[in-house]
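Colleague: Could you take a close look at one part of this model for me, the pair of helices that cross in the second domain? I'd like to hear how they pack, and then how the rest fits around them.

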Amino acid sequence: MQPTVTLLGAIERDLAGAMRDRGFIVSDSDLNVAIASHVAGTKGPDVFVIDIRALSALPREIVSLRRHFPQSGIVIIAKALDPTSMLDAMRMGVSEWVAEPVVLDDLETAIRRMARPTLGAVAGRAIAVLGGKGGVGCTTVAVNLATALHRATREATLFVDLHTAHGDASVFLGVEPRFSVLDALENIHRLDASYMKGLVTPTKAGIDLLAAANRPQHGAIDALRVRALIEFVTTTYPWVVLDCARTDGTLMDALDATTTVLVVANQELATLRSASRLAASTRQRCGVQRVKLAINRYDTESEIGRKDVERVMGGAIAYTFPSDYRASVAAINKGEPLILQDHSRLAGAFEDVARDIAGLGPASRDAARSGGFFARLGGRR
Ligand SMILES: Nc1ncnc2c1ncn2[C@@H]1O[C@H](COP(=O)(O)OP(=O)(O)O)[C@@H](O)[C@H]1O
Ligand SMILES: [Mg+2]
């Protein structure tokens, strides 16, 4: 959804054009006209950007603007970061202030932060997906599970790519994030809901992404900070899915903050060996109840059968996902989780697991598929 922005004050054409280029629906107006138009019943834009560079002080009309458009955010463009005026603005309910020289990125971030209302505190659930080995399908499972959770529950869902470098969740979700999980971890002590909103990237799958960094990370990722991050994001998102590639145990401390740990394996000896070690250490850390095992690309004909896997892994297999290479690869190339476009068995399996984790009953897929026809037969209520 493109945020709507109304520019008030003497804003240069270039700046307005640049805002349009960055995906905002921009109009301009006069402060008093904007207030008066409320009387005619308009809802107001997502954000007002008020340029006060030509003024000697903050216009008092901001107070009425706030009152008339309580849902709209306000961003001020000013000559300087003047503490007295900024304090005044804060008292008027304005929290975003961009000073000269106006950096487009900063302005965009400020607008986006204001355009997205802060969610109330929730007790969200965090699901960590751990790959038994690279290539096992960890990201595929995590991305589809997150999207399926969002679709089944209609609740806000955050995907966190915990790869320190070269995480590929952004490719799976078809976005080019500007901020990353490193920005969140580096600012962990000043994280608040609006700051966090500025770091995540909305995706067409309906979930938000906190992406992996594409700059190198100095030193090891601090698991305690990751834990604090998980604790924080679950206060604003009912569902959080973490793509954890690391099997080396460095993230173990962070797993304390999760509700479910899904260890993904497949029917291959090398993977099973590392996945079984991973499952054992995770169980030790998080308790048997929280750790669930899944087999991806499950093959009923495989030499290594389900019972064998359970024996090696030291626990029951909770979920299996069938193999569907074509759908999996096509989805990555399209930048959309496969459950969005596909009615394959694999998509169905992801939906079922999401419903199970969310505590919803199984989907009545036949009814859903022929929904239009049967709904019409039965008539609308
Ligand atoms: N159920 C599946 N059936 C067939 N191919 C799959 C399946 N799950 C994943 N893949 C494919 O396996 C490859 C690795 O998947 P990916 O999710 O990137 O693994 P990981 O994150 O564990 O490295 C990708 O090409 C992906 O399309
Ligand atoms: Mg991956």
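Modeller: Sure. H6 goes past H14 in a right-handed crossing. Bear in mind that this is a predicted model. The two helices, H6 (residues 138-153) and H14 (residues 345-357), pack with their axes 8 Å apart and at an angle of about 60 degrees. Angles of 65 to 115 degrees would count as roughly perpendicular, and H6 and H14 are therefore oblique to each other.

As for who touches whom, H6 brings Thr-140, Val-141, Asn-144, Leu-145, Ala-148, Leu-149 and Ala-152 to the contact, and H14 meets them with Phe-350, Glu-351, Val-353, Ala-354, Arg-355 and Ile-357. Sorted by class, that contact of H6 with H14 has nine nonpolar residues, two polar and two charged.

Now the setting. The domain assignment splits the protein chain into domain 1 (4-115) and domain 2 (125-361). Their centres, taken over C-alpha atoms, are 39 Å apart, and five residues of domain 1 are in contact with five of domain 2.

There's another helix pair to put beside yours. H1 (residues 13-21) and H5 (residues 104-115) also pack at about 60 degrees, with their axes 11 Å apart, so H1 and H5 are oblique to each other too. H1 passes H5 in a right-handed crossing. Here Leu-15, Ala-18 and Met-19 of H1 meet Leu-104, Leu-107 and Ile-111 of H5. By class, this contact comes out as six nonpolar residues, with no polar and no charged ones.

Then there's the sheet. It is open, with eight strands in the order E8-E9-E7-E10-E6-E11-E12-E13, and its pairing is mixed. E8 (201-202) and E13 (317-322) stand at the edges with a single partner strand each, so each has one side left without a neighbour in the sheet. At the E13 end, helix H12 (residues 306-313) packs on the sheet and touches E11 (260-265), E12 (291-298) and E13. The direction of H12 makes about 130 degrees with that of E13. Over at E8, two bridges join that strand to E9 (residues 208-210), and the two run antiparallel. One residue to click on there is Thr-201, whose bridge partner in E9 is Leu-209.

Notes
Residues are numbered from 1 along each chain as its sequence is written. Chains are lettered from A and ligands numbered from 1 in the order in which they are written. This is a predicted model: local features need pLDDT of at least 70, side-chain atom pairs count only at pLDDT 80 or more; totals for chains, interfaces and linings use all residues. Side-chain values use heavy atoms; hydrogens and water are left out. Axes are lines fitted to C-alpha atoms, for helices over the stretch in contact, and angles run from 0 to 180 degrees between N-to-C directions. Helices (H or I, at least four residues) and strands (E, at least two) are DSSP runs, numbered from the N terminus. Angles under 35 degrees count as roughly parallel, over 145 as roughly antiparallel, 65 to 115 as roughly perpendicular and the rest as oblique. A crossing is left-handed if the near helix is turned anticlockwise from the far one by less than a right angle, and right-handed if clockwise. Contact means heavy atoms within 4.5 Å. Ala, Val, Leu, Ile, Met, Phe, Trp, Tyr, Cys and Pro count as nonpolar, Asp, Glu, Lys and Arg as charged, and the others, Gly among them, as polar. Two strands pair if DSSP finds at least two bridges between them. Domain bounds come from an automatic or database domain assignment.
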